[in-house]
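User: Please take a close look at the salt bridges in the structure shown below, and set them in the context of the rest of the fold. I would like one connected account, with the cut-offs spelled out as you go.

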Amino acid sequence: MTKQISTAVSDLVLSLTCLLASYDVFVKKENVFLIYGFILMGLASFAGVARFGGCESVKDLHRSLSVHAGAVGMPWALLLFASIQLNQGAKLSLVSPGWDIFVILGMHVCTTQYENTRQMLIPATLLGLTYSAIINSNQNYLIACGCLLLSGLIGVTGKIGPLYRVDLFHYALCGVVYTLRSGILSIV
């Protein structure tokens with residue numbers, strides 16, 4: 001495989017966005033489960049930096065992390081965001097502390113067992129965010145939904161003119177991550 005520098009750069013930007021979001025949310029909310037989705041997406045994008053920078057040996061790791069980031073990391077971040085907003089910031093996890101890890105592991109097991117997990121979780125998460133946006137009048141939900149829908153419409157294979165779709169996909173995900181970070185931090 002030849003180096004695809006533009007994709008390494010877009011992966012790096014996504015990785016740094018995830019790092020910033022993880023740091024800010026952890027420092028201000030002091031809850032590791034809030035940043036799990038961001039960390040998983042950051043790891044996948046960092047593996048992409050290595051892969052598209054020319055290190056072919058991380059190809060399988062990158063693919064695996066990307067699947068888990070899409071099927072677990074992104075829905076987890078979106079679901080926690082909706083949960084926090086619906087509870088006016090009082091509830092910082094979906095279930096009682098300690099049980100979150102079992103929910104996360106269950107999502108990973110489903111991802112490895114069923115190929116359609118991502119296809120089921122993302123639309124359900126989008127519906128939850130849209131519902132939350134309507135009842136809470138929070139623009140962060142709508143922006144996150146828009147960026148997530150845009151990333152899905154763009155896809156990751158082929159080109160749009162001279163631009164690789166995967167690069168545009170990464171930049172749309174940066175919008176999702178930054179919007180969720182801003183939304184989480186805005187909740188008291």
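Analyst: The account below begins with the model as a whole, turns to the salt bridges, and then follows the elements around them.

This is a predicted model, in which local features need pLDDT of at least 70 and side-chain atom pairs count only at pLDDT 80 or more, while totals for chains, interfaces and linings use all residues. Residues are numbered from 1 along each chain as its sequence is written, and side-chain values use heavy atoms, with hydrogens and water left out.

The mean pLDDT (the predictor's confidence in each residue, from 0 to 100) is 79 for the protein, and 70% of its residues reach 70 or more. Among the elements, strand S2 (residues 163–164) has the highest mean pLDDT, 95, and helix H4 (residues 100–113) the lowest, 63. Over residues 91–96 pLDDT stays under 50, although the model has 17 contacts beyond four places in sequence for them; a contact here means heavy atoms within 4.5 Å. Where pLDDT is low, the predicted coordinates should not be read in detail.

The protein has seven helices and two strands, which run α-α-α-α-α-α-β-β-α from the N terminus on. Helices (H or I, at least four residues) and strands (E, at least two) are DSSP runs, numbered from the N terminus. Of the 188 residues, 46% count as buried, where buried means under 20% relative accessible area, exposed over 50%, and partly exposed in between (1.4 Å probe, protein chains only). Among contacts with a separation of 6 or more, 70% come from residues 24 or more positions apart.

Against that background, the structure holds two salt bridges, each defined as a side-chain nitrogen of Lys or Arg within 4 Å of a carboxyl oxygen of Asp or Glu. Side chains of opposite charge can pair when their charged atoms come close. One of the pairs joins Asp 24 to Arg 181, with the closest N and O atoms 2.7 Å apart. Because Asp 24 belongs to helix H1 (residues 5–29) and Arg 181 to helix H7 (residues 165–186), this pair ties together parts that are 157 residues apart in sequence. Both Asp 24 and Arg 181 are buried.

Another salt bridge is formed by Glu 56 and Lys 59, whose closest N and O atoms are 3.9 Å apart. Glu 56 is partly exposed, at 34% relative accessible area, and Lys 59 is likewise partly exposed, at 27%.

Helix H1, which holds Asp 24, also contributes to the surface. Ile 5, Val 9, Val 13 and Tyr 171 form a nonpolar patch with about 330 Å² of accessible area together, and H1 gives the largest share of that patch, three residues. Patches are made of residues with over 30% relative accessible area and no salt bridge, joining like charges within 9 Å and nonpolar side chains (Val, Leu, Ile, Met, Phe, Trp, Tyr) within 5 Å. Ile 5, found in H1, counts as exposed at 51% relative accessibility. For the protein as a whole, about 9600 Å² is exposed, of which carbon and sulfur atoms supply 68%; accessible areas come from the Shrake-Rupley method with a 1.4 Å probe, and for residues only the protein chains shown count as cover.

In the segment before H1 lies Lys 3, which is exposed at 58% relative accessibility. Setting aside residues up to four places away in sequence, Lys 3 touches Phe 52, Gly 53 and Gly 54, and its C-alpha is 5.5 Å from that of Phe 52, although the two residues are 49 apart in sequence.

Helix H2 (residues 32–52) includes Ala 47, which is buried at 7% relative accessible area. Ala 47 touches Val 58, His 62 and Leu 65, again not counting residues up to four places away in sequence. The C-alpha atoms of Ala 47 and Ser 66 are 8.9 Å apart, with their positions 19 residues apart in sequence.
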